[in-house]
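Trainee: I am new to this structure. Please take me through one part of it closely, the surroundings of the ligand.

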Amino acid sequence: MEDKVLGLKCRECERKYPKEPLHVCEFCFGPLEVDYNYEAIRKSISRESIERGPASLWRYVDLLPIDGEPADGLHSGFTPLIRAKNLEAALGVQELYIKDDSVCHPTLSFKDRVVSVALSKAKEFGFDTVSCASTGNLANSVAANAAIANLNCFIFIPADLEIGKVIASLVYNPTVIGITGTYDDVNRLCSEIAGLYPWAFANINLRPFYAEGSKTFCYEIIEQLGWEAPDHIIVPAAGGSLVTKVGKALKEFHLMGLIDAPATKIHVAQAEGCGPIVNTLKENSDFVKPVRPNTIAKSLAIGNPADGIYAVATVRDSGGDGEHATDAEIVEAMKLLASTEGIFTETAGGVTLAVTKKLIERGRIDRADRIVVGITGNGLKTVEALTERVPEPHIIQPQLNAFRKLMTTL
Ligand SMILES: *Cc1c(COP(=O)(O)O)cnc(C)c1O
């Protein structure tokens, strides 16, 4: 096949750049994006070629920006798509699926998708050190995958993250640096560091490559539905990359002749305490106004989202919508998903399900439609969100009598 990746291209002025660790256009400061040779890819890709591929996100390698064999993420992706019958009954809808990215990935969140691509690319570029600015899940994934790929690793996080997410980075033995500030402070500092140190920052200088990994979340949904796009996909947003790439994935599969023209509405979920993308949609504005985050959904607590305006455009173009979830609604939705489908998601999943419920109640999602809810992270990493919000266990002496007595009170 001819080269599938032509280089990079500015999303604003379309100026072209070579395939290098660059992320901003020097002329208009627009973000750079991978520029594919779709004509060449179309000749070699088919449903059958994908189905013959590995049971990982690399089955879509033809539409991912690496040149050689993947060096990372061999066990990431191809997570379950679950028909959620109990949840359908609870929500009063006819056909609802959970795309469950909280399991099967090495670090139990959808970030293993983006990191698989970013670190494979970092190796191709010859970097020996990788890094990231993270709200937690990205840190876990970069740290774990750096260990696998034998790369040095520096992790930058807000100092007040959930302990589960801090330990789930430290265990892989990277250098972890907690910053006394918000994610947006961490990100600003990292952008300065990226200009001075020859490191591959997954979500800064490698961002154009990193972001492409998100597309596989949606490719899998389509393939798992028997090569059909659903009527609705609901996903959470932090920096807005996943939402944007769900839109791109739908377009690419159609462009490659793999599916009919999709009519999927893409909906975005954010917390009320940090919802700059949803605010823009609700206010019908063209700007994403930064906010100061205050929410238990820390993985989504990005007040100044890098892809905010593109996420807004993706949702609008698809005919989708956005909603906020309060902290109480997030917890309630986490419990609903657990008690109906046996899935323990983190706060971000609570945001997504709470927002799905609202969009159904508002009539923005028709009860007869085919709905896919994106669950992107695992609840064991954010247990403190449920502390004092679930009942205490019953404590008894190890005696049958004690148990019998307890039974009379239940
Ligand atoms: C990072 C993250 C997202 C969304 O990320 P974007 O920056 O919007 O691509 C969603 N869910 C979880 C659990 C995450 O960690």
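Mentor: Here is a look at the ligand and its neighbours, followed by two pairs of helices. Keep in mind that this is a predicted model.

Start with the shell. The ligand is surrounded by 15 residues. The closest are Lys111, Ala238, Gly239, Leu242 and Thr376. By type, the shell residues divide into seven nonpolar, six polar and two charged.

Now go to the polar contacts. Lys111 places a polar side-chain atom 2.8 Å from an oxygen atom of the ligand. Ala238 makes its contact through the backbone: one of its N or O atoms there lies 2.8 Å from a ligand oxygen atom. Ser241 also uses a polar backbone atom, which is 3.3 Å from an oxygen atom of the ligand. How much of the ligand does the protein cover? On its own, the ligand has 380 Å² of accessible area, and the protein covers 97% of that.

Next, the helices. Lys111 belongs to helix H4, which spans residues 111-125. Its partner here is helix H5, residues 137-149. The axes of H4 and H5 come within 9 Å and cross at roughly 45°. H4 and H5 are therefore oblique to each other. Their crossing is right-handed.

Ser241 and Leu242 fall in helix H10, residues 241-255. Helix H10 pairs with helix H9, residues 215-224. Here the axes come within 7 Å, and the crossing angle is roughly 50°. H9 and H10 are therefore oblique to each other. The crossing of H9 and H10 is right-handed.

Methods
Residues are numbered from 1 along each chain as its sequence is written. This is a predicted model: local features need pLDDT of at least 70, side-chain atom pairs count only at pLDDT 80 or more; totals for chains, interfaces and linings use all residues. Side-chain values use heavy atoms; hydrogens and water are left out. A residue is near a molecule or strand if one of its heavy atoms lies within 4 Å of it. A polar contact is a pair of N or O atoms within 3.5 Å; within protein, one must be able to donate a hydrogen and the other to accept it, and residues adjacent in sequence count only if both atoms are side-chain atoms. Accessible areas come from the Shrake-Rupley method with a 1.4 Å probe; for residues, only the protein chains shown count as cover. Ala, Val, Leu, Ile, Met, Phe, Trp, Tyr, Cys and Pro count as nonpolar, Asp, Glu, Lys and Arg as charged, and the others, Gly among them, as polar. Axes are lines fitted to C-alpha atoms, for helices over the stretch in contact, and angles run from 0 to 180 degrees between N-to-C directions. Helices (H or I, at least four residues) and strands (E, at least two) are DSSP runs, numbered from the N terminus. Angles under 35 degrees count as roughly parallel, over 145 as roughly antiparallel, 65 to 115 as roughly perpendicular and the rest as oblique. A crossing is left-handed if the near helix is turned anticlockwise from the far one by less than a right angle, and right-handed if clockwise.
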